[in-house]
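Let's take a quick tour of a protein model, one topic at a time. Keep the 3D view open and follow along as you read.

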Number of protein chains: 2
Amino acid sequence: MRCEIVAVGTELLLGQIIDSNSSWMGEQLALAGIDSHYQTKVGDNQARIVNCIRLALQRSDAVILCGGLGPTQDDITRESIAEVLGVPLRRDQAMAGHIRKLFERRGRRFAENNLRQADLPEGAAFIEQMPGTAPGLICPIGDKVIYAVPGVPHEMRDMISGSILSDLQRRMGVTAVIRSRVLRSWGESESGLAEMLHERIEALDEAGNPTLAFQASGIEGLKIRITAKAATEEAAEALIESEEANVRAIVGDAIFAVDETNMEAAVLELLRERGLTMAALESVTGGLLAARLTEVTGAADVFLGGITVCSDELMFHELGIPEGPIVTAECAKAMATAARDKLGADVGVAVTGVAGPQEKEGHPPGLVFLAVALTDHLEAQQVRLPGDRRRIRQFGVISILNLLRLRLIGSDREAVMR
Amino acid sequence: MRCEIVAVGTELLLGQIIDSNSSWMGEQLALAGIDSHYQTKVGDNQARIVNCIRLALQRSDAVILCGGLGPTQDDITRESIAEVLGVPLRRDQAMAGHIRKLFERRGRRFAENNLRQADLPEGAAFIEQMPGTAPGLICPIGDKVIYAVPGVPHEMRDMISGSILSDLQRRMGVTAVIRSRVLRSWGESESGLAEMLHERIEALDEAGNPTLAFQASGIEGLKIRITAKAATEEAAEALIESEEANVRAIVGDAIFAVDETNMEAAVLELLRERGLTMAALESVTGGLLAARLTEVTGAADVFLGGITVCSDELMFHELGIPEGPIVTAECAKAMATAARDKLGADVGVAVTGVAGPQEKEGHPPGLVFLAVALTDHLEAQQVRLPGDRRRIRQFGVISILNLLRLRLIGSDREAVMR
């Protein structure tokens with residue numbers, strides 16, 4: 001089964017928006033065992049959109065169009081699909097009424113052109129999930145299929161995860177209900193993880209259900225997807241539950257979260273469950289740890305605040321860290337303790353080290369110390385992080401969060417990908 | 001003139017890397033007046049890369065391939081171009097020697113397969129700029145052309161800006177030297193800027209050289225590109241200099257930087273020139289301001305540090321901000337003053353407000369107060385920032401930096417896009 005992605009929108013071609021939607025969809029298709037050989041960006045031009053759809057249908061079994069489903073005259077994905085199918089658009093009155101109600105309920109002024117979103121090509125159906133006001137489309141054409149989803153990321157994601165992946169798998173000849181779950185891990189290399197799970201995967205391969213797949217995702221960690229098929233949703237979920245337990249028994253504490261939960265959200269949730277507050281003192285990561293934590297809605301319940309230290313004056317005199325070299329385990333420990341005590345939190349964390357490009361105190365870029373100060377535990381860990389300044393800082397953030405996570409759950413693992 | 005972009009790499013299709021290179025190239029092409037109607041991602045598969053190149057050459061006059069120029073067996077962009085051209089690859093001995101020397105000079109172990117990077121299709125030429133170890137290619141085919149650049153962003157950018165854009169423009173019939181410069185602005189809307197520059201653009205349109213183009217780039221601001229052609233590089237640069245002065249006379253202080261310099265770097269440089277240090281106290285932006293500043297190499301010379309405040313305890317008791325509502329101009333001023341005085345800097349800045357999704361103190365998401373405390377100037381500004389939590393925080397960062405920039409240069413403009 002091959003599925004192409006066509007991202008629609010002139011703003012994508014002009015570079016005003018980076019097309020991260022296609023990347024996310026590409027990852028989901030790969031994890032679901034569906035090949036995606038070509039992914040295309042095209043502008044808001046009907047002839048060119050039609051050209052892209054036809055080409056994709058020649059080369060592949062399915063195409064997902066993303067974007068161009070809104071209410072304005074620029075939004076011509078519906079018209080383009082109808083042209084390819086050779087059918088007219090018709091307005092679905094039930095959907096029109098639903099859209100009108102959505103606007104009323106949200107207290108938004110209703111413009112009549114919003115009803116364009118209730119148009120669909122003859123023979124097509126709406127996608128069940130509809131988190132916004134633009135419904136998605138499933139449009140069969142012969143034994144192939146065209147899907148259309150909005151460009152708003154969370155709307156697109158709901159439709160892909162909720163309907164399109166399982167519809168694609170059904171078309172691959174799988175008639176059962178298919179469900180999947182992603183376990184996110186940090187702390188093992190891809191080869192290490194493959195080795196650990198080798199026997200389990202071989203055993204599963206014989207039975208063929210459920211299945212396991214890997215995906216390396218940079219600072220999002222290594223993802224392990226469990227996919228199960230069964231006659232009913234309950235049975236599929238039960239298979240996943242049971243396989244998740246198997247994988248967790250093998251991989252253990254390296255798994256930090258499930259599905260869309262990132263490391264920041266996972267750590268904030270752990271602290272919240274335990275009734276603990278947290279504070280941070282950052283040197284090498286320069287505020288990036290605080291910034292990632294506070295990106296999570298509701299972070300302020302748990303994360304009291306942080307200090308970014310770039311000057312010795314601030315470090316030694318204002319914060320009372322003992323004078324001396326700062327790229328050391330001792331300094332990291334003193335910083336974590338200061339974060340906890342100065343900011344009045346239950347838990348303090350610190351990151352110090354060398355972001356580069358220059359070396360510092362004789363150490364190369366990437367040499368970083370992570371420290372956590374809990375009520376009854378003080379610890380620093382030296383790590384070597386890969387990449388340039390930007391990557392070192394990003395890896396520093398995820399690594400300190402992982403160290404805190406491990407200690408909160410009582411694990412003595414090391415924090416960093418080996 | 002139409003130019004397509006083909007990004008090569010299986011990791012792009014799998015979503016392991018987001019293809020931001022194509023977005024950047026798309027923006028450059030648009031600013032240079034070159035249409036780009038299709039942009040494609042394809043994996044490391046020769047038949048499919050060849051298919052993409054042939055298709056692009058049918059639809060357009062030029063194609064830029066990005067990626068697949070490295071030394072490994074996966075890197076097959078060179079072979080794919082040779083197949084399309086119907087010519088063999090030959091090794092360029094001068095380039096081979098150059099690559100070998102590059103490795104020796106950097107003290108890196110030399111693997112023989114690096115010499116694959118010295119291969120080029122018969123009739124093709126290397127691109128002059130070569131910031132890494134992989135040369136780029138210019139491959140004419142009939143009256144069309146195939147370019148190939150590495151996927152490493154700064155190498156790709158050097159080659160596009162240094163050679164490919166001017167080569168494309170030459171092919172558009174422009175035989176002169178073409179140079180361009182981007183002026184980055186913040187604080188005017190696109191329509192406002194268009195109105196201000198309307199007369200100047202009309203005057204330039206009559207003469208046809210130099211030209212002005214706009215590009216809205218989100219939190220990177222509105223870009224104004226001046227493009228000039230002349231018989232010599234010196235003459236083209238002189239035209240740009242003179243037009244830059246004209247644009248600056250009209251647009252004024254809204255211009256914050258030139259070419260690749262972003263707002264953070266521009267503000268750090270202004271402070272450095274004036275011998276001033278800076279500190280920040282962040283509520284709504286939660287460390288993002290510190291994170292963006294410290295992303296700039298050498299930021300620590302100027303930026304002493306920052307505090308992210310998420311708790312009232314920290315705000316009122318530790319930092320001594322007067323108790324009361326925190327989404328106010330008074331609180332913002334007290335925060336900026338505390339940033340300056342507590343962290344021992346010459347300049348303090350602060351951002352407080354509502355990131356959402358919930359309202360706070362009766363104010364809606366996007367209501368934000370920015371404050372700067374210089375030695376002799378204390379000021380707060382209320383702004384309404386658009387978008388969701390993520391965008392509000394990003395706009396907050398750029399807006400406070402812009403406010404500081406304006407006051408440093410003695411301007412009394414408002415900080416935010418109107």
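Chain A of this predicted model splits into three domains: domain 1 covers 3-171, domain 2 covers 177-258 and domain 3 covers 263-408. Start with how the first pair sits together, then move on to the sheets, and finish with how chains A and B meet.

**Domains 1 and 2 of chain A**

- Measure from centre to centre over C-alpha atoms, and domain 1 of chain A and domain 2 of chain A are 30 Å apart.
- Where they touch, domain 1 of chain A puts in 7 residues and domain 2 of chain A puts in 6 residues.
- On the domain 1 side of that contact, the elements giving two or more residues are α2 (20-31) and α6 (153-171) of chain A.
- The top contributor there is α2(A), with 3 residues.
- Sort the residues on this side of domain 1 of chain A by type and you get 3 nonpolar, 3 polar and 1 charged.

**The sheet that runs through both chains**

- Here's a fun one to trace: 12 strands make an open sheet with mixed pairing, in the order β6(A)-β7(A)-β8(A)-β3(A)-β1(A)-β2(A)-β2(B)-β1(B)-β3(B)-β8(B)-β7(B)-β6(B).
- At the edges you'll find β6 (125-126) of chain A and β6 (125-126) of chain B, each of which pairs on one side only.
- As background, strands of a sheet pair through backbone hydrogen bonds, and they can do so in a parallel or an antiparallel way.

**A closer look at strand β8 of chain A**

- Is strand β8 (residues 144-149) of chain A mostly covered or mostly uncovered? It is mostly covered, with 5 of its 6 residues buried.
- One neighbour is strand β3 (residues 62-66) of chain A, which runs parallel to β8(A) and is joined to it by 5 bridges.
- Within that pairing, look for Cys66(A), whose bridge partner in β8(A) is Val149(A).
- Another neighbour is strand β7 (residues 137-141) of chain A, which pairs with β8(A) in the antiparallel sense, again over 5 bridges.
- Here Cys139(A) has Ile146(A) of β8(A) as its bridge partner.
- β7(A) and β8(A) also make a hairpin with 2 residues between them, and Gly142(A) in the turn has a positive phi of about 60°.

**The chain B part of the sheet**

- Strand β1 (residues 3-8) of chain B runs parallel to β2(B), and 4 bridges join them.
- To spot this pairing, find Ile5(B), which stands opposite Gln39(B) in β2(B).
- Helix α4 (residues 77-85) of chain B lies across β1, β3 (62-66), β7 (137-141) and β8 (144-149) of chain B, at about 15° to β7(B).
- Helix α6 (residues 153-171) of chain B packs on the sheet too, touching β1, β3, β7 and β8 of chain B, and its direction makes about 175° with that of β8(B).

**The four-stranded sheet in chain A**

- Chain A has an open sheet of 4 strands with antiparallel pairing, in the order β10-β11-β9-β12.
- Its edge strands are β10 (211-216) and β12 (255-258) of chain A, each pairing on one side only.
- On average, neighbouring strands of this sheet are turned by 30° against each other, ignoring direction.
- β10(A) pairs with strand β11 (residues 222-230) of chain A in the antiparallel sense over 6 bridges, and in that pairing Phe214(A) stands opposite Ile224(A) in β11(A).
- Helix α7 (residues 190-207) of chain A packs on the sheet, touching β9 (177-185), β10 and β11 of chain A, and its direction makes about 165° with that of β10(A).

**How chains A and B meet**

- How many residues does each chain bring to the contact? Chain B brings 51 residues and chain A brings 51 residues.
- Several elements of chain B supply at least two residues each to the side touching chain A, among them α2 (20-31), β2 (38-42) and α13 (389-408).
- β14(B) gives the most to that side, with 7 residues.
- By type, the side of chain B that touches chain A divides into 21 nonpolar, 21 polar and 9 charged residues.
- Strand β14 (residues 303-309) of chain A also pairs with β14(B) in the antiparallel sense, over 5 bridges, and Val309(A) stands opposite Gly305(B) in β14(B).

**How the copies are related**

- A turn of 180° and a shift of 0.1 Å along the axis lay chain B on chain A with an RMSD of 0.2 Å.
- That is the relation of a two-fold axis.
- Both copies use the same surface, as 100% of the contact residues of chain B recur in chain A.

How values were computed: Residues numbered from 1 in each chain as written. Chains lettered and ligands numbered in written order. Predicted model: local features only at pLDDT ≥ 70, side-chain atom pairs only at ≥ 80, totals over all residues. Contact = placed C-beta atoms within 7 Å. Nonpolar A, V, L, I, M, F, W, Y, C, P; charged D, E, K, R; others polar. Pairing = 2+ DSSP bridges. Domains from an automatic or database assignment. Buried ≥ 20, exposed ≤ 12 C-beta atoms within 10 Å, placed from the backbone. Axes fitted to C-alpha atoms, helices over the stretch in contact; angles between N-to-C directions. Least-squares fit on C-alpha atoms with pLDDT ≥ 70 in both.
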